[in-house]
Amino acid sequence: MNRLTHFFRRLHNVLGLIVGAQVVLWVASGLYFSLRPIEEVRGEHLRSPAHTMITELPDSDAPVSGILAAVGEPVMALKVKPWLGRPVWEAETHSGKLMFDYASGQPLSPVSEADARLVAEAAWVGEGDLASFALIAEAPPEAGRGAGRPMWRAEFEGEDKATFWIDPQAGDVAAVRTDWWRTFDLFWGLHIMDWTNRETISSWWMKLFSFGALMLSLAGIWLVVDRLLKGRILK
């Protein structure tokens, strides 16, 4: 028993040095994750819900065959959606979404700066005003589905602060980012031990440190039980 206890004590000390810092990060990040609802972290309270419905369509519409031909690649879905107070065609492809005028079939993608600004201002329901608006040639990962390609970035400042990423192809808000979300994203990367993409939760680092943390806990339990049996828990 003494030899086994000595082994677990040494194991507990060694693992404490190796995985202890990561265990602290897991606990600290878990605490941070619980401080606010995930909907608030995503900035959903700063963005108007997309409940607009089409109640009336123009008498004439562009031929579907013309829309499909104009896309230039296989179309997975084609639908009519409301956009800035009027109906438009939206074609979904493997490379993204494209918009076309409902009546004429003329391409609307990529949207102009004026229209993109209108999209951002229509979606904003927070306390503050549009402070800056710019086209980013290569959007960062925080832009969501628009990462790595041109995206409009709208910065709102005031009592509430947020960044709206507007997709020039789809003409909608691709992502809403706040300082709280950026901190959340940083902690998430530390939590899952994916420090770059912050997506993979099954890396070997994660598996090894999780196993190490488990052994650290089991060794600690053994040491506590051993002290209990010897009546030395408070000594």
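This briefing covers the sheets, the helix packing, one pocket and two backbone features of the structure above. The model is predicted. One open sheet has three strands in the order E1-E2-E3, and another open sheet has four strands in the order E4-E5-E6-E7. Helix H4 packs on the sheet of E4 to E7, while helix H1 packs with helix H5. H5 also gives the most residues to the lining of the second largest pocket.

**Three-stranded sheet**

- The pairing in the sheet E1-E2-E3 is antiparallel.
- The edges are held by strand E1 (77-83) and strand E3 (96-101); each has a single partner strand, so one side of each has no neighbour in the sheet.
- On average, and with direction ignored, neighbouring strands of this sheet are turned by 35° against each other.
- Strand E2 (residues 86-93) runs antiparallel to E3, and six bridges join the two.
- The connection between E2 and E3 is a hairpin, with two residues between the strands.
- Two of the residue pairings can be named: Ala91 has Leu98 in E3 as its bridge partner, and Val88 has Asp101 in E3.

**Four-stranded sheet and helix H4**

- The sheet E4-E5-E6-E7 is likewise open, with antiparallel pairing.
- Strand E4 (129-136) and strand E7 (172-177) are the edge strands; each pairs with a single partner strand, and therefore one side of each is left without a neighbour in the sheet.
- From one strand to the next, the twist averages 25°.
- Five bridges link strand E5 (residues 151-157) with strand E6 (residues 162-167) in the antiparallel sense.
- Glu155 has Thr163 in E6 as its bridge partner.
- Helix H4 (residues 113-123) lies against this sheet and touches E4, E5, E6 and E7.
- The direction of H4 makes about 135° with that of E4.

**Packing of H1 and H5**

- Two packed helices are described by the angle between their axes and the distance between the axes.
- For helix H1 (residues 2-33) and H5, the angle is about 150° and the axes are 9 Å apart.
- The crossing of H1 with H5 is left-handed.
- On the H1 side, the contact is made by Gln22, Leu25, Trp26, Ser29, Gly30, Tyr32 and Phe33.
- These residues meet Trp180, Thr183, Phe184, Phe187, Trp188, Leu190 and His191 in H5.
- By class, the contact of H1 with H5 contains nine nonpolar and five polar residues, with no charged residues.

**Second largest pocket**

- The space in the second largest pocket is about 390 Å³.
- Its lining consists of 14 residues, of which Arg177, Trp181, Asp185, Trp188 and Arg198 are the closest to the centre of the pocket.
- Helix H2 (38-41) and helix H5 (179-192) are the elements that give two or more residues to the lining.
- H5 gives the most, with four residues.
- By class, six lining residues are nonpolar, two are polar and six are charged.
- Trp188 takes part in two of the features described here: Trp188 is in the H5 side of the contact with H1, and Trp188 is among the lining residues closest to the pocket centre.

**Backbone features in loops**

- Ser109 and Pro110 are joined by a cis peptide bond, with omega of about -5°.
- Pro110 is located in the loop between E3 and H4.
- Leu84 has a positive phi of about 50°, although this residue is not a glycine.
- Leu84 belongs to the loop between E1 and E2.

Technical notes: Residues are numbered from 1 along each chain as its sequence is written. This is a predicted model: local features need pLDDT of at least 70, side-chain atom pairs count only at pLDDT 80 or more; totals for chains, interfaces and linings use all residues. Side-chain values use heavy atoms; hydrogens and water are left out. On a 1 Å grid over the protein atoms alone, a cavity is a set of points where a 1.4 Å probe fits but cannot get out, and a pocket is an open set with protein on both sides within 12 Å along at least five of seven lines; lining residues have an atom within 4 Å of a point. Grid points are joined across faces, edges and corners, and a volume is the space filled by probe spheres set on the points. Ala, Val, Leu, Ile, Met, Phe, Trp, Tyr, Cys and Pro count as nonpolar, Asp, Glu, Lys and Arg as charged, and the others, Gly among them, as polar. Axes are lines fitted to C-alpha atoms, for helices over the stretch in contact, and angles run from 0 to 180 degrees between N-to-C directions. A crossing is left-handed if the near helix is turned anticlockwise from the far one by less than a right angle, and right-handed if clockwise. Contact means heavy atoms within 4.5 Å. Two strands pair if DSSP finds at least two bridges between them.
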